[in-house]
Amino acid sequence: MFRYITIIFLFILPAEILFAFCGFYVAKADASLFNKASRVVLVRNENKTVITMMNDYKGELKDFAMVIPVPVILQKDQVHVGEAKVVDHIDGYSAPRLVEYFDENPCDRRRYEMEKASADSVRPAPSQSQNKPSNNQGVTVEATYTVGEYDIVILSAKYSNGLEDWLIQNGYKIPKGASVALKPYINQKMKFFVAKVNLKEQSKSGLTFLRPLQFAMESQKFMLPIRLGMINAQGDQDLLLYVLTKNGRVETTNYRTIQLPSNLEVPMFVKKEFANFYRDMFANQVQKENGRAVFTEYVWNMGWCDPCASEPLSKDELQSLGVFWLNDNEQKNPWNGGAMPVMITRLHIRYNNDTFPEDLMFQETKDTNNYQGRYILHHPWTGNRNECSEAETYFQNLSKREEARAKNLVMLTGWDLNTVHKKMNFTPSTKQDNKWWKKIWK
């Protein structure tokens, strides 16, 4: 079946303190969790941009078509075919993660008192197309070349329906009515990067999948066009965007950019259900924002990670994605495992034509604070409650902590609380709260 591929084408009880970003890495929520996820790596510094597009196309290669609005005419040496494994690596490195801790022996009095004091200070986590005869299409072929397994044409156009006609007449299988989506880009005098598979070159490669397309350009516009990808989309689409910059976090300027809830304890059974947990959690957060937010899943310096869902990318891998300033800073920033002049911002967008009517516009901020989507398992201490007086207190508090974890999970995912309790094998306390002031304003 033909698919048109385009660049998108708390309520929390107080708990004991958790030292930031430490713990044992357990699992990650990478792109494989989402069936219709497009992946784009966007490298940006000053007015220079390098884009890597990882196609999730499934179908006959002869039916593949990609149409991307670009601000300038791209020459052949500005286009490259990349390696899928590097995109997989950056996806794994930045993926939201599950970590686990183990409670200390509460009979270690000194440690227990320190943790208790810390716990007291913890706060809860928070169009009509233009008419023009088809014999005067107004389309100009600005450049044509083959790169790897892709035949590429760069077009300019005066009329949106003329461009649609040209594409159809030249064998590109695009949806009917595409002129409505093409018109705004023509009005902005943008060019069109059009790619299809060269079957002969593809057969030479011996590959059964399409490698990512990359292109480098200079433009004052820091943006990503997504509207064309909605022409024949069935339902919502997911976009995972990995933005590599020199100085700080990236956010969208025409949509709200918010961090997903993070650093929350969840029940132990989530370890076996992390994929379902993360899919439902993300869907629940999208719904809470009425589908109109861009979610930050990760912000970090590319030189390190804590905990690591995957090792940081090497210098060669970063350069292959288009990070072009590394050699310029090599003397000032030696590649020795410390901080690097590369920040990664991972953004996750679920969108459709109604919720995201505009293309994505970005800005690089000066914010270098680390952030990761991180969810925490805490193994309880398995000792004897009669071992010491602190042990009895520990077990009394453990029930409250378990209830807090259950409520965290419900808040994140929208799951039923009774079902969560059952999976935890946990029975909430039925002890009545008899504080005198509770009776006044019933």
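Two strands are taken to pair if DSSP finds at least two bridges between them, and strands themselves are DSSP runs (E, at least two residues), just as helices are DSSP runs (H or I, at least four residues), both numbered from the N terminus. The structure is a predicted model, in which local features need pLDDT of at least 70 and side-chain atom pairs count only at pLDDT 80 or more, whereas totals for chains, interfaces and linings use all residues. Residues are numbered from 1 along each chain as its sequence is written, and side-chain values use heavy atoms, with hydrogens and water left out.

A good place to begin is strand β4, which spans residues 66–70. Its partner is strand β9 (residues 191–197), joined to β4 by five bridges in an antiparallel arrangement. Within this pair, V67 stands opposite V194 of β9. Five of the five residues of β4 are buried, so the strand is largely enclosed by the rest of the structure; here buried means under 20% relative accessible area, exposed means over 50%, and partly exposed lies in between (1.4 Å probe, protein chains only). The cover extends to both faces of β4, with M66, I68 and V70 buried on one side and V67 and P69 buried on the other.

Strand β4 also helps to enclose an empty space. A cavity is defined on a 1 Å grid over the protein atoms alone, as a set of points where a 1.4 Å probe fits but cannot get out, and its lining residues have an atom within 4 Å of a point. Grid points are joined across faces, edges and corners, and a volume is the space filled by probe spheres set on the points. By this reckoning, the largest cavity holds about 70 Å³. Its lining consists of 13 residues, and I51, P71, M217, M223 and P225 lie nearest the centre. At least two lining residues come from each of β3 (48–54), β4 and β10 (213–218), and β4 gives the largest share, three residues.

Attention now turns to the nonpolar cores, each a set of buried Ala, Val, Leu, Ile, Met, Phe, Trp, Tyr and Cys residues joined through side-chain atoms within 4.5 Å. The largest core has 58 residues, and L244, F277 and Y278 touch the most other members. Helix α6 (residues 274–288) is the main contributor to this core, with six residues. With neighbours within four places in sequence set aside, Y278 is in contact (heavy atoms within 4.5 Å) with A29, L33, F34, P96, L260, E297 and Y375. Another core lies apart from this one and has 39 residues, including V40, M66, F222 and V250.

Two disulfides, defined as pairs of cysteine sulfur atoms within 2.5 Å, are found in the whole structure. In sequence order of the bonded cysteines, the pairing is 1-4, 2-3. One disulfide joins C107 to C388, with the sulfur atoms 2.0 Å apart. The torsion about this S-S bond is about -95°, so the disulfide of C107 and C388 is left-handed. C107 is partly exposed, at 21% relative accessible area, while C388 is buried, at 14%. The other link, between C305 and C308, has its sulfur atoms 1.8 Å apart and is right-handed, with 90° about the S-S bond. C305 is buried, with a relative accessible area of 11%, and C308 is partly exposed, with 26%.

How values were computed. 1 Å grid on protein atoms, 1.4 Å probe; cavity = no way out; pocket = protein on both sides within 12 Å on 5 of 7 lines; lining within 4 Å.
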